[in-house]
Number of protein chains: 2
Amino acid sequence: MLKYSRQRESIKNFLADRYDHPTAETVYLHMREQFPNISLGTVYRNLNLLAEIGEIQKLSPGMGPDRFDGNPAPHYHFVCSHCGSVLDLKVSGLDHINILASQNFDGDIEGHITYFYGTCPSCKAAKHSS
Amino acid sequence: MLKYSRQRESIKNFLADRYDHPTAETVYLHMREQFPNISLGTVYRNLNLLAEIGEIQKLSPGMGPDRFDGNPAPHYHFVCSHCGSVLDLKVSGLDHINILASQNFDGDIEGHITYFYGTCPSCKAAKHSS
DNA sequence: CATAAAACTAGTAATTGTTACTGATATTAT
DNA sequence: ATAATATCAGTAACAATTACTAGTTTTATG
């Protein structure tokens, strides 16, 4: 059974206010302002738990550590190859690709995860001015 | 400058014959049959090097360790949520999603990585017979 | 309200996956 | 041949994450 905990509540609220998809370490550092004695293990445990029950999302962009998204609704992510930042992307009309992938495949496809890569707006600007 | 090495050659050949996207650990274990003294570090170094020069592909499916694909040509992958196995997928007509994602985005999108998730044929069969 | 069961915590140790360092060996240009 | 250097095996270090333990909160129930 799932019991209430301030730490978990606070982690969830923290993520709900952020749109930069912080790492567990970043969450930990910020949680310590409110809970000076909070443990990194507690942060990891609750992040994974919240992800399992679908209240947040866990991202594995392939480069660097996992990141967490306070928005549980399905959407896409962009990963900057230069600075590593992760941004939300509004892409619609991609649901059909599951069906597309199901052709010629004998198993069941239940979903997909897509990361887009490239240069983020900020790195693009920095590039031009150099 | 890139010099020849039997170890690297052998790792590349090993991957070319496999279609199960083995982990570095698996590659290491098999390499030891041919090179009993090969080091895990050597395996990692060459896998990363081969991936950098585009002769193999490195996969980060999000669950478990990284995997490696001897086929450098772009294609898609399926990850079984039950057994964790990674399979090649033949999906065509997905190039346009980069353009789709570029709408409403100020940066440059240069590519994407998509992993499809679900139940693999083997797990699907096992499920029905239980 | 009291209390007991169970989920939760902080703190720490252990594990896993990967990379870096070392001195020795293999490969290649001359 | 030989000199330069990429690679090697072996091992240590590292980063990210998970597991363990004893004690603390939370909540269901009397």
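How much area is buried between chain A and chain B, and what share of that area do carbon and sulfur atoms give? I began my notebook with this one. I found about 2600 Å², with carbon and sulfur atoms giving 62%. Buried area here is the accessible area (1.4 Å probe) that two parts lose on being put together, summed over both. I also noted that A:F105, A:F116 and A:Y117 supply 18% of what chain A buries against chain B, more than any other three residues.

**Ground rules**

I am reading a predicted model, where local features need pLDDT of at least 70 and side-chain atom pairs count only at pLDDT 80 or more, while totals for chains, interfaces and linings use all residues. Residues are numbered from 1 along each chain as its sequence is written, chains are lettered from A and ligands numbered from 1 in the order in which they are written, and side-chain values use heavy atoms, with hydrogens and water left out.

**Where the two chains meet**

I looked up the contacts, meaning heavy atoms within 4.5 Å. On this count, 35 residues of chain A touch 35 residues of chain B.

Next I checked salt bridges (a side-chain nitrogen of Lys or Arg within 4 Å of a carboxyl oxygen of Asp or Glu). There are 2 between chain A and chain B. I found a salt bridge between the side chains of A:D108 and B:K124, at 3.1 Å from N to O.

Which elements of chain A give two or more residues to the side that touches chain B? I listed β4 (86-89), α4 (96-102), β5 (108-119) and α5 (121-128). The largest share, 12 residues, comes from β5(A). Helices (H or I, at least four residues) and strands (E, at least two) are DSSP runs, numbered from the N terminus.

I sorted this side of chain A by class and got 16 nonpolar, 14 polar and 5 charged residues. For these classes, Ala, Val, Leu, Ile, Met, Phe, Trp, Tyr, Cys and Pro count as nonpolar, Asp, Glu, Lys and Arg as charged, and the others, Gly among them, as polar.

Then I followed β5(A) across to chain B. It pairs with strand β5 (residues 108-119) of chain B in the antiparallel sense, over 11 bridges. Two strands pair if DSSP finds at least two bridges between them. As an example to find on screen, A:I113 has B:Y115 as its bridge partner in β5(B).

**DNA strand C**

I call a residue near a strand if one of its heavy atoms lies within 4 Å of it. Of the 21 residues around DNA strand C, A:K3, A:S5, A:R8, A:T42 and A:R45 come nearest. Sugar and phosphate make up 80% of the strand C atoms that come within 4 Å of the protein.

I picked out two atom pairs here. A polar side-chain atom of A:Q7 is 3.0 Å from a sugar or linking oxygen of strand C. The side chain of A:N46 has an N or O atom 3.3 Å from a phosphate oxygen of strand C.

**DNA strand D**

Which of the 21 residues around DNA strand D come nearest? I noted A:Y44, B:K3, B:S5, B:T42 and B:R45. Sugar and phosphate account for 82% of the strand D atoms within 4 Å of the protein.

Polar side-chain atoms of B:S5 and B:N46 each lie by a phosphate oxygen of strand D, at 2.5 Å for B:S5 and 3.0 Å for B:N46. For A:K3, I found a polar side-chain atom 2.9 Å from a base oxygen of strand D.

Methods:
Polar contact = N/O pair within 3.5 Å; in protein donor to acceptor, adjacent residues only side chain to side chain.
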